[in-house]
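Colleague: I am new to this structure, and I would like to understand the reasoning behind the words used for it. Could you take me through it step by step?

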Amino acid sequence: MRNCHSLHKNIFSNKPDVKVTDIAMIGSHDAFSHKISPSSFPDPHDKRGILSPHALKLFKNRVAKLSKAQVSDAYTQLTKGVRFFDVRVTHTAKGYYTMHALTSAPLEEYLADVLRFLQDNDGEIVVLAMQYFKYSQNGYDALFRAMAEVRVNGKNIFDYVSYPKKPLEDLTYGDVTANGTQSGVVLLAKYRLQDGVKSPYIEKVYDFQRHTRITWHNDIRTKPILGKIRAEVLAVLRHKADLKHAFRINQAQKTPVSKFGYTLYVAFFLSILKMSARWNVKLINQPDFADWLHAMPVVFFDYVDTDKNDFNNRINKIINDYNYGL
């Protein structure tokens, strides 16, 4: 296993002025889903279609295979080079759980992993993007308060957002890590506060919708999705001067959609993990893959730490080579 514990510190300790939004990062899509199984309970806020109680009785095994996008906990993913986490959370009677259609584990388990990693490794940047949240009565403020209660050696996730809040387009590696002497977190969320609710944590959280450029391609076919990715690369490069305030994300996963003649394949054979293990290698084998990082430095993967065809080592080398050149 490649040792990625000091990934950012090794590269940027002598380049503190590099903008955070220009740093290439491996992103984990549906990052906190590794405990999803047929015994997982569904998101209580979504009972449509295949997630209806009657459908789940028949198809829960299939739903689990189409929902579990990662095989490792957050700490392991961090050691495998992941630095950007796509986080999905729902509020249940048992508290806050991570989810992707089905629930995985309490959010606090994953936060504790991240906190342990930050504590053990100075000079690292970790981005947590709360892209999807089914909220409780008090909305995001309640979520943020619950996150603040998770501590490792007395520090919570907000304690690692220690720089004075700056416009994201101006935020540098040095700002987030005190010039490489400590680890830091950048938090993003599609937050909205309930009427009359104020949150002391909002000043430490960037608005996901304003501060990301991300395009979901919604396809399972190889040639069409590669064409859509390349079109997005050109579109981002044309507007790059206007996107300095945003993380530019290549959301390049295939989607297990049941159309285009793939209905039986999806229904009876496909799992996200098997599909991703094959697709991830094809993606980085594209001759222009490294060039895409100039447009979209963050690349999202399902099954981000698969070793099929040495994928994880290879993607880390590509990302690191790019960052050394900044």
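Modeller: Please keep in mind that this is a predicted model. To begin with the surface, the protein exposes about 14,000 Å², and carbon and sulfur atoms supply 50% of that area.

Colleague: What makes the protein as compact as a globular protein of its length?

Modeller: Let me first say that the protein has eleven helices and ten strands. Its radius of gyration is 19 Å, and the globule rule gives 20 Å for 326 residues; the two values are close, so the protein is as compact as a globular protein of that length. Along the principal axes, the C-alpha trace spans about 55 × 50 × 35 Å. Buried residues make up 56% of the 326 residues, and among contacts with a separation of 6 or more, 79% are between residues 24 or more positions apart.

Colleague: Why is the pair of Phe-12 and Tyr-173 called tilted?

Modeller: The structure holds 14 aromatic pairs. In this one the ring centres are 5.6 Å apart, which is within the 6.5 Å required for a pair, and the planes stand at 40°, which is neither under 30 degrees nor over 60, so the pair counts as tilted. The pair links distant parts of the chain, since Phe-12 belongs to helix 1 (residues 7–12) and Tyr-173 to helix 6 (residues 173–177), 161 residues apart. Both Phe-12 and Tyr-173 are buried.

Colleague: What makes the pair of Phe-301 and Phe-311 edge-to-face?

Modeller: Here the ring centres lie 5.0 Å apart and the planes are at 70°, which is over the cut-off of 60 degrees, so the pair is edge-to-face. Phe-301 lies in strand 10 (residues 298–301) and Phe-311 in helix 11 (residues 311–324), so the pair ties together parts that are ten residues apart in sequence.

Colleague: How do you know that Phe-301 and Phe-311 are buried?

Modeller: A residue is buried when its relative accessible area is under 20%. Phe-301 has 1%, so Phe-301 is buried, and Phe-311 has 0%, so Phe-311 is buried as well.

Colleague: Why is Asp-159 called partly exposed?

Modeller: The relative accessible area of Asp-159 is 32%, which falls between the limits of 20% and 50%, so Asp-159 is partly exposed. Asp-159 is found in the loop between helix 5 (139–148) and helix 6, where it touches Arg-151 and Gly-154, not counting residues up to four places away in sequence.

Colleague: How do you know whether His-217, which is also in a loop, is buried or exposed?

Modeller: His-217 sits in the loop between strand 8 (212–214) and helix 7 (222–238). With 8% relative accessibility, which is under 20%, His-217 counts as buried. Leaving aside neighbours within four places in sequence, His-217 is in contact with Ile-225, Lys-228, Ile-229, Glu-232 and Gln-251.

Colleague: What makes helix 5 largely enclosed by the rest of the structure?

Modeller: Eight of the ten residues of helix 5 are buried, so the helix is largely enclosed by the rest of the structure. The buried residues are Gly-139, Tyr-140, Asp-141, Ala-142, Leu-143, Phe-144, Met-147 and Ala-148. Their cover includes strand 2 (82–92), strand 3 (95–100), helix 4 (107–120), strand 5 (125–134), strand 6 (184–189) and strand 7 (205–207). Tyr-140 and Phe-144 also belong to one aromatic cluster, together with Tyr-96, Phe-133, Phe-158 and Tyr-201.

Notes:
Residues are numbered from 1 along each chain as its sequence is written. This is a predicted model: local features need pLDDT of at least 70, side-chain atom pairs count only at pLDDT 80 or more; totals for chains, interfaces and linings use all residues. Side-chain values use heavy atoms; hydrogens and water are left out. Helices (H or I, at least four residues) and strands (E, at least two) are DSSP runs, numbered from the N terminus. The radius of gyration is taken over C-alpha atoms; the globule rule is 2.2 Å times the number of residues to the power 0.38. Buried means under 20% relative accessible area, exposed over 50%, partly exposed in between (1.4 Å probe, protein chains only). Contact means heavy atoms within 4.5 Å. Accessible areas come from the Shrake-Rupley method with a 1.4 Å probe; for residues, only the protein chains shown count as cover. Rings of Phe, Tyr and Trp (its six-membered ring) pair if their centres lie within 6.5 Å; planes under 30 degrees apart count as stacked, over 60 as edge-to-face and the rest as tilted.
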